[in-house]
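I opened the notebook to look up how some of the helices pack and how the domains meet. The entries follow the order in which I checked things.

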Amino acid sequence: QARSALGPALDKGTGMLLYNAAARLRDPKHLGFLVGYIARKEILTDLQLNAALEYVRSHPLEPLDVADFEQACGVGVCVTPEQIEEAVEAVIGEHRAELLAQRYHFNMGLLMGEARSRLRWADGKTIKNEVDLQVLHLLGPKTEADLEKKPKAAKARTAPAEKQKVAVVENGEVGTETRSLLEQLRGEALKFHKPGENYKTEGYVVTPNTMALLKQHLAITGGQVRTRFPPEPNGILHIGHAKAINFNFGYAKANGGVCFLRYDDTNPEKEEEKYFTAIREMVEWLGYQPYAVTHASDYFDQLYTWALELIRRGQAYVCHQKVEEIKGHNPPPSPWRDRPTEESLLLFEDMRKGKFGEGEATLRMKLVMEDGKMDPVAYRVKFTPHHRTGDKWCIYPTYDYTHCLCDSIEHITHSLCTKEFQARRSSYFWLCNALDVYCPVQWEYGRLNLLYTVVSKRKIIRLVETGAVRDWDDPRLFTLTALRRRGFPPEAINNFCARVGVTVAQATMEPHLLEACAREVLNEQAPRAMAVLEPLKVTITNFPAPKALEVLVPNFPADESRGFHKVPFQPTVYIEETDFREEVDKGYKRLAPGQPVGLRHAGYVITVQNIIKDASGRVIELEVTCTKSDVAEKPKAFIHWVSEPLACEVRLYERLFLHKNPEDPVEVPGGFLSDLNPDSLRVIPNALVDSSILSARPFDKFQFERLGYFSVDPDSGEGKMVFNRTVTLKEDPGKA
């Protein structure tokens, strides 16, 4: 079109405008309209083209209002050199004093911007030339001082708590930059559509009713961002869900919006009350409060009414093909696809009344999905009472039918889901438009996976059934309840999600990255205590007092303003068996005959005088003497100890599986159950811990000095406390 209008000689400027218009206009129906304006040289600049493209995107319905379009794009507007000169002169006049003071160090871009705001359609190069000319006239040529670089202002230091490191994965290595999750999610707002501007999203289908529905939507929401987290209540949330929770709740929070917690309770066979409770508990544990807690079952009546309407509109039919017949991507077409509407209405009513057995009839929608799947099922028969609605229904809607319509009912603006749902995006738009209801926009992001674990509900159930783990909250798993039980702080999990980043690509991460996040948080949160896992009795034969002394131990040695706790110190103390050797090797610095050590926080150095053994030759007690630290020679090491301790059980955890990908048949031919690590749990039944932790409650966290970070397990009772080791103090190089 453009070429015929201009003849064979197409000037470069017009050609670039035509190319940009064709490349940037997602909906081609208005392309001819724009090409005409460019060809007739009524749109002459990139500025005008940008305005034209924005106008077309904002007015998706035909026909366009030509007069309004031309005004919005500056068609026919002529800016004279005199107008440009006057505008620049006025702007320079306003900044004259600053210009004279700062000279050429002044931000000339400010002058350009203000001049352009006065003359929107003026040519940018012409404005720049005029600014340069008038500044030169005012200031004269540049001097040596003008040519010197302006010193950079010192950047304000940011408190560590205000920002989190974000992972950048390059060539398999994880680097870091400092952007918090909220900062990333505010950044996503630049890519996502604004509420009410759904039609600007690529692939969004605009119908004659779209703009009216969006207007109603904005009237209801007030332009607020609305997201939802829609888990199925048939299992416990895992680490992958943590990213979904952070993304959905975080995106709403970062952009002043709200997030619904909606249970997708459309499969009554697998739903249990404990899952509903645990899901909400985990959302709140991660620090988020739902705007509202809803259920797909809240809308069963409306969904059924819409199913009837879909049949009336010729977009759905009752089918009798068996499940086995319609599986896969190339099933035979349904012989009932074109049955009369009235017949489908009667049969669907019979389905509702329980006149068909399970598998004898389904309601199917007339569409082909992006992955080639034809006519997905909307309703199926299930004679199972529902957790919330009882036996009112014997037909239940599917995910493909329910999800987008529940989003529509709740006026969700951004339906955020993982990448595997991308194939359902076209059906999402199709169904809302087929019923003429408000259509949200589905956006996809990459899943978060972790190595050395399994997270599928079916596989975790197998682990529980075979006794490989105790339950869904076994600390060796990566369900959120398991991570909480092991002692991972919620902040560490959120920080881990921030380090993974907001990515479209699937992220598969090493567990040690999550552990590193835990160490960072626990180092600041977990008060110090002393515990001995393998006790060796030590008797101080020259104890300096007639009764026990009290030692003050800082809760956080790096910041003593955060308080102290008291530890008894008496003639009998216990140290780790591994902190004593009868024979000294090169490099060994702890207790040995002739090699004293200091007792941490006590202010004393002990020296071995006598070694007591049992009949088998095992060392069972040491007799030592003590000397105050300020008069003794400085020892090579200081070790932890306990005195008048509490007995406790300690559970030490390692990876549950031996291989990175236990579900990979190439890596693990025998299946994931054959890959279990026999050393994934080590129980120490008779450890000792100092009495300062006597009042600790389940999930309280401590750093046991030199041993790691530990959390009180719910199995703890009055008779004996139980501790789970969350992570070691330092990363094991063999696991990195």
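These entries go through three helix pairs and then one pair of domains.

**Entry 1, a predicted model.** I note at the start that I am working from a predicted model, and I read the entries below with that in mind.

**Entry 2, helices α2 and α3.** I began with α2 and helix α3, which spans residues 31-39, and found that their axes come within 10 Å and cross at roughly 165°. An angle over 145 degrees counts as roughly antiparallel, and α2 and α3 are therefore roughly antiparallel to each other. The crossing in which α2 passes α3 is right-handed. I then listed the residues that make this contact, which are Thr14, Leu17, Leu18, Ala21 and Ala22 on the α2 side and Leu31, Val35 and Ile38 on the α3 side. Sorted by class, the contact of α2 with α3 holds seven nonpolar residues, one polar residue and no charged residues.

**Entry 3, helices α2 and α4.** I next looked up helix α2 (residues 12-24) against helix α4 (residues 46-58), where the axes come within 11 Å and the crossing angle is roughly 25°. Since angles under 35 degrees count as roughly parallel, that makes α2 roughly parallel to α4. Here α2 passes α4 in a crossing that is right-handed. From α2 the contact takes Leu17, Asn20, Ala21 and Arg24, and from α4 it takes Asp46, Leu49, Asn50, Leu53 and Arg57. By class I have four nonpolar, two polar and three charged residues in the contact of α2 with α4. Going back over the lists, I see that Leu17 and Ala21 of α2 appear in the contact with α3 and also in the contact with α4.

**Entry 4, helices α15 and α17.** Further along the chain I checked helix α15 (residues 300-312) and helix α17 (residues 341-352), which pack at an angle of about 155° with their axes 9 Å apart. That makes α15 roughly antiparallel to α17, and their crossing is right-handed. Which residues of α15 meet α17? I found Tyr304, Ala307, Leu308, Ile311 and Arg312 in α15, and they meet Thr341, Ser344, Leu345, Phe348, Glu349 and Arg352 in α17. By class, the contact of α15 with α17 comprises six nonpolar, two polar and three charged residues.

**Entry 5, domains 1 and 2.** Last, I turned to the division of the protein chain into domain 1 (2-73) and domain 2 (81-140). Taken over C-alpha atoms, the centres of domain 1 and domain 2 are separated by 30 Å. I found six residues of domain 1 in contact with four residues of domain 2. The area buried between domain 1 and domain 2 is about 370 Å², and carbon and sulfur atoms give 65% of that area.

Notes. Residues are numbered from 1 along each chain as its sequence is written. This is a predicted model: local features need pLDDT of at least 70, side-chain atom pairs count only at pLDDT 80 or more; totals for chains, interfaces and linings use all residues. Side-chain values use heavy atoms; hydrogens and water are left out. Axes are lines fitted to C-alpha atoms, for helices over the stretch in contact, and angles run from 0 to 180 degrees between N-to-C directions. Angles under 35 degrees count as roughly parallel, over 145 as roughly antiparallel, 65 to 115 as roughly perpendicular and the rest as oblique. A crossing is left-handed if the near helix is turned anticlockwise from the far one by less than a right angle, and right-handed if clockwise. Contact means heavy atoms within 4.5 Å. Ala, Val, Leu, Ile, Met, Phe, Trp, Tyr, Cys and Pro count as nonpolar, Asp, Glu, Lys and Arg as charged, and the others, Gly among them, as polar. Domain bounds come from an automatic or database domain assignment. Buried area is the accessible area (1.4 Å probe) that two parts lose on being put together, summed over both.
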